[in-house]
Amino acid sequence: MRFQWSILLLGVAASLASTWAHNLAGVPSSFTTDERLTSAISASVAEEISREFVKYMETGVESRRLQQLGAELRWSHSQKDIFTQSMTELSSADQYFTCTLCRATVKVIARTFTGPDGELTGPDRDANAKKTMLSLCDYFHIQTQNVCSGLFDLNWPILDYIFNETIAEPSSICGMLPISICQLEQEEYNLNLTIVGDMPSESNSDLPEKSDQDLLVLQLTDIHYDPEYKVGSYADCDEPICCRDELPAGASGWGAGYWSDFRNCDTPKHLILNALEQIQKTHKLDWIYHTGDVPPHNVWSTTKQGNIDMLTEIDGLLTEYFPNVPVYSCLGNHEPHPTNVFGNNEIPAELSIDWLYDHVWSLWKKFLPKEAEVTVRRGGYYTHSPSAGHRIIALNSMDCYLFNWWLFHNGSIVLEQLQWFHDTLLAAEKAGERVHVLSHIPSGDGDCWSDWAREYNRLLARFSKTITGIFNGHTHKDEMNLHYAETGAAVAVSWNAGSLTTFSYKNPNYRLYELHPQTWQVLDHQTWIFNLTEANLQPDVSPNWYKEYEFSQDFTSNTSPAGIDQLLQEMAEKPSVLRKFWRFKVTQADPKLNAGCDDDCLSSTICRLATSNFKDRKRCRELQAILRESLDKEEPDDDGASSLVAYSFSTLLALFCALRYLF
C-alpha cells in the first residue's frame, strides 16, 4: 500500500508540476521541471504531516496516513549530517527531509500556536509547544530527545516572538533555506543598497612585488574550545558533538584521541596551548586576525556564562603568548547564546544579546580606538586604522546567516550594517587607504542569505581597488573564494584559514599571510598542520607541526583576483592541480584522503572556488563545463603520482604492519 501511495503521489505531483509549469505560486521561474516536481511533492507531504500530526497530538491516535509518512521519512535521513554539515553539502535525501520537515513544523506552529486563534494557544501554550516539538523530533527521528529538548528551551522564546511578529508569511520562512526545492520568491525580503560610484569593467590585476619588508600576519579561526573534552571518551555518539561522555558498555571502536579526534569532536585545551606555543616559537608575527567561533558545537546546551568564560579564557591565552602582538577579532556564529542568534536594538530587551557585545568590547578595546565602542556595542562590528593608509573593517556576518532567526523577523535589519560598510569604504577610498575585511562567514557559503551576499558582493566590486584582503572562517576548510562583478570581472579574493578544531575530519591547522607593507595585499600564504592520526599514536609527545604547503610554490605567485581567476581556469583544464588543491582544502586528513574525491567532488570543489553568492553560479558553470571535458580526456593513469601521494598515514601504517607480519 505504501508503494502504491507513493506512485499515486508522484503521479499527482507530476501532473501538478506540468500543469503549473509556469505559474506555481511563489516558485522561482528558474526551477527545472524536476525541481518543480520535487518541490510540489515536498509541499504536499508537509501539508499532510502538519494536518495529521496536529490530529495525533489532539487525540493520541495515529492515522494510517501519518503512520505511512512516518515510516517513509523516519529513516530517510542522517541524524548526524543534518546538524553538522552545511545544507548545500547534504545528500538529496537529507535536503528533501530538511525542507519537508521545516515546512511541516512551521505549519504546525502557525496552525496551533500563532495568534489568538491558535488551536493550542492558552495558559499552557509553552508546555504544549514543547510537547509538540519533542513529539515531532521523536516521531521522525530528527535527533535525540536531549538535543531537541535543549534546542527548544534555548530557541522557543525567540521563535515564538518571531512567528507572531514577522513581516513575512510564516509559510514562506523555509523558502530562505539554501535548498533549491524549498526556495520561494519573497518580495518582503528583497534588499537593495544604494551604492555611490561606478562598478569595475575589468578584472583587478594589481600585484606589488615581494620584498624583505613584507609583513607576517597569523589567521587563527574556529578554535571551538571544548572544556568538557575527555580523552578516551565516546567519539561515535548520535549527538552533533561527541568526545564528552564515557564509552558505553560494549561500545565498538576506540575512545577519543588525546590530541582531539576526527569524529565530530572539538578542541581540548592542551591542543590549544600546544598550537599557541608552536606559533610563538616558530613565527615572528606583526599582528593576528582571529575570525571567530571560540565555543564548541554543543548548540543545545550552551549557557551565557559558559560562552563568556570561554571568550575570556582564549583572549587571555592570546595575550599571554603574544603580549606585544595586536589581535583583531570578529564574531562567529557560536559566540552568542543561543548559538547563531543575533539581533539589533529593535528586538525585546529580554531577547537581545547586548551582553555579548558589551563583553567582547571589554576584550577587544585594548587594540581598538574609543570611537569603535559605539558600533561594537550596537552590533558587534567596527573599523580601525592601525597605521596611516591602512584600515581594518570587522563585520558581524551573522546578518547573512540563515540560522540567525531574527532574519525571519525582518530581513531589512541587515541594511544598517551594510550601509555603514559602504560609507566606511567610501571614506577609506577618499582618504587613499587600503582595507582588510574580517567576516566570519564567506558570502558564497550556502548558509549565507543570498540577498545579503548579492549586496555585499556589489560593495566588494565597487571598492575593489580599496579592499586588498578579505579573511573568513566558518567552513573549517582551507580554501578561498573569488568574487566577480556583474560584468564577470574578477574583483576580490576571500581567504579562509580552515580551523584549529578537527570538527569534522580535519587536521588542526593555522595560516600565515605575507602582506605588502604599503598596500597590505596578500602576496603569499602558508598553512601549518600536524597529522592527527600520527599524533594520537604518541599522546605523550608534542605533535609534529609542519608547513603543509606554500601557495606561491604549489599553485601561483599571482595572488591578484585576475591571477586567481587564471588559476581556476588552470584547475579546470588540469584536474591534477584541482586534486592537489582539494587535498590541501581538507588538510590531508586521513579519513578524507581515504574517501577520496571523485569527479562530482571535483566539480563541487571548482564551483565553490568561483562562488561568492550561492544563487549566482555563472563562472562556476563555465569552469564545471571545462572540467568535464578535461576529465573525459584524462587518461586513467594521468594522475597516478597524485593518487600515490593521497595515501593517508593510517593506510600506510596498516600496510607497513601487514608487511611486517607477512615477512
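**Exercise 1. Determine how many helices and strands the protein chain has, and how its residues are covered.**

Solution. Step 1: The secondary structure of this predicted model comprises 23 helices and 12 strands. Step 2: The protein chain has 663 residues, and 59% of them are buried. Step 3: The exposed surface of the chain is about 27,300 Å², of which carbon and sulfur atoms supply 51%. Step 4: Take the contacts between residues at least 6 apart in sequence; 72% of these join residues at least 24 apart.

**Exercise 2. State the average pLDDT of the protein chain and find where pLDDT stays under 50.**

Solution. Step 1: The average pLDDT of the chain is 89, and 88% of the residues score at least 70. Step 2: Over residues 1–31, pLDDT stays under 50, and the model has 42 contacts beyond four places in sequence for this stretch. Step 3: Residues 638–663 also stay under 50, with 22 such contacts in the model.

**Exercise 3. Describe the largest nonpolar core and the contacts of Phe421.**

Solution. Step 1: The largest nonpolar core holds 175 residues, and Phe140, Phe421, Met480 and Met571 touch the most other members. Step 2: Helix α5 (residues 92–112) provides the largest share of this core, namely eight residues. Step 3: Leaving aside residues up to four places away in sequence, Phe421 touches Ile393, Leu395, Val437, Tyr456, Leu459 and Leu460. Step 4: A second core, separate from the largest one, has seven residues, among them Ala235, Cys242, Cys243 and Ala256. Step 5: As a general background, nonpolar side chains tend to be buried together in soluble globular proteins.

**Exercise 4. Identify which residues of helix α10 are buried and which elements they pack against.**

Solution. Step 1: Helix α10 spans residues 354–364 and is mostly covered, with eight of its 11 residues buried. Step 2: The buried residues of α10 are Trp355, Leu356, Tyr357, His359, Val360, Trp361, Leu363 and Trp364. Step 3: These buried residues pack against two helices, α9 (304–321) and α11 (373–379), and two strands, β3 (327–329) and β4 (382–387).

**Exercise 5. Decide whether Asn410 is buried or exposed, and locate its polar contact.**

Solution. Step 1: Asn410 lies in the loop that runs between α12 (406–409) and α13 (415–430). Step 2: The relative accessible area of Asn410 is 17%. Step 3: A residue counts as buried under 20% relative accessible area, so Asn410 is buried. Step 4: The side chain of Asn410 forms a polar contact with the side chain of Ser412, at 2.5 Å.

Methods: Residues numbered from 1 in each chain as written. Predicted model: local features only at pLDDT ≥ 70, side-chain atom pairs only at ≥ 80, totals over all residues. Heavy atoms only, no water. Core = buried A, V, L, I, M, F, W, Y, C linked by side-chain atoms within 4.5 Å. Buried < 20%, exposed > 50% of the residue type's maximum accessible area, 1.4 Å probe, protein only. Helix = DSSP H or I, 4+ residues; strand = E, 2+ residues; numbered from the N terminus. Contact = heavy atoms within 4.5 Å. Polar contact = N/O pair within 3.5 Å; in protein donor to acceptor, adjacent residues only side chain to side chain. pLDDT = per-residue confidence, 0-100. Areas by Shrake-Rupley, 256 points an atom, 1.4 Å probe, with all protein chains shown as cover.
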